[in-house]
Amino acid sequence: MPKQKLNPSKWVDLYADYLFNYTITRVNDTIVAEDLVQETFLAGLKSAENFKGDAAERTWLISILKRKIIDHYRKINSKKGKAEIKMGYTNADDQDGDWLEERVADPFDLNAEDVLQNEELGIAIQECLMKLPKKQADVFIKKTIQGMETEDICKELNITASNLWVIVHRARTALMDCLENNWFKNE
Amino acid sequence: MSNKKNILFASCEEAKQICDKVQYGEATFIEKMKLNLRLMWCRATKSYTKKNRNLTQLCNKAEIKTLNPDKKEEMRKNINSKC
């Protein structure tokens, strides 16, 4: 396998959204997720000389991000321990409370399996998006994921509406094929 | 070859493009009618429509998010200043 090279000037365009989605499903907070992605890029720059080129750039960035997420949880858990309010039912009055209901699982909650599956699906879609030509990926993200109006995208990218639909069509066809190979076959 | 579109009958390619518009709720009444007419007999359009609908459902289910463009710009500047 040829040695991989780092190209930090393209990191934001290529990996920012992918890393952000990876993070948001784990920390559930947009601002924290943005900060962790930013920190990952900076840590990547700092340790660029340690990159041996055996793994893909993205895999390497993900491994840094994983450590950042673990550090984040360590930090908040150490803070939380100090200010934790323990719930206990030690006296007779408390025992009359609806303690049983507080401990029942919420039936409307997504179960862990659903969450995991949606998360994996998100990653599979992102990976397929990365394989598309940049313009197709851009248009698809703006139209489908960000829900922008056709007119606004056309103005921003300086294309006609019929041009946009041709690009959307190509992107959707490529994504369907890619997901068929990477998602439905593994399901 | 003429690029003129038929008022009632859509070609396979045109039908697929209408199907894309349907995914975003942007097909006109006439376009939907043309697509439905073609769906009655064209297997390729039927198969494309099914896959296309699937893709829309998957994208909705995955709830993919994107970073704010300003934040991306800030990150770009940060990286470039340290490169």
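Leaving aside its neighbours within four places in sequence, with which residues is A:Ala55 in contact? In this predicted model, the residues that meet this condition are A:Gln4 and A:Trp60. A:Ala55 itself is found in a loop of chain A, namely the one that runs between α2 (30-46) and α3 (57-82). Its surroundings can be described by counting neighbours: 14 other C-beta atoms lie within 10 Å of A:Ala55, and because a residue is called buried at 20 or more such atoms and exposed at 12 or fewer, A:Ala55 is classed as partly exposed.

A wider view of chain A is given by its domain assignment, in which domain 1 covers residues 1-82 and domain 2 covers residues 131-187. The centres of domain 1 of chain A and domain 2 of chain A, when taken over C-alpha atoms, are separated by 26 Å. A single pair of residues may be set beside this value: A:Ala55 and A:Lys155, which stand 100 residues apart in sequence, have C-alpha atoms that are 39 Å apart in space.

Chain B, to which the description now turns, has four helices and zero strands, and its elements, followed from the N terminus on, therefore read α-α-α-α. The radius of gyration of chain B is 20 Å, whereas the globule rule gives 12 Å for 83 residues; the value for the chain is well over that of the rule, so chain B is more spread out than a compact globule. Along the principal axes, the C-alpha atoms of chain B fill a box of roughly 60 × 35 × 20 Å. Of the 83 residues in chain B, 24% are buried. When the contacts in chain B with a separation of 6 or more are considered, 53% of them are accounted for by residues 24 or more positions apart.

The two chains also touch one another, with 27 residues of chain B in contact with 32 residues of chain A. On the side of chain B that touches chain A, the elements that give two or more residues are α1 (12-23), α3 (43-62) and α4 (69-82) of chain B. Among these elements, α4(B) gives the most, with eight residues. By chemical character, the residues on this side of chain B divide into 12 charged, 10 nonpolar and five polar.

How values were computed: Residues are numbered from 1 along each chain as its sequence is written. Chains are lettered from A and ligands numbered from 1 in the order in which they are written. This is a predicted model: local features need pLDDT of at least 70, side-chain atom pairs count only at pLDDT 80 or more; totals for chains, interfaces and linings use all residues. Domain bounds come from an automatic or database domain assignment. Two residues are in contact if their C-beta atoms, placed from the backbone, lie within 7 Å. The radius of gyration is taken over C-alpha atoms; the globule rule is 2.2 Å times the number of residues to the power 0.38. Ala, Val, Leu, Ile, Met, Phe, Trp, Tyr, Cys and Pro count as nonpolar, Asp, Glu, Lys and Arg as charged, and the others, Gly among them, as polar.
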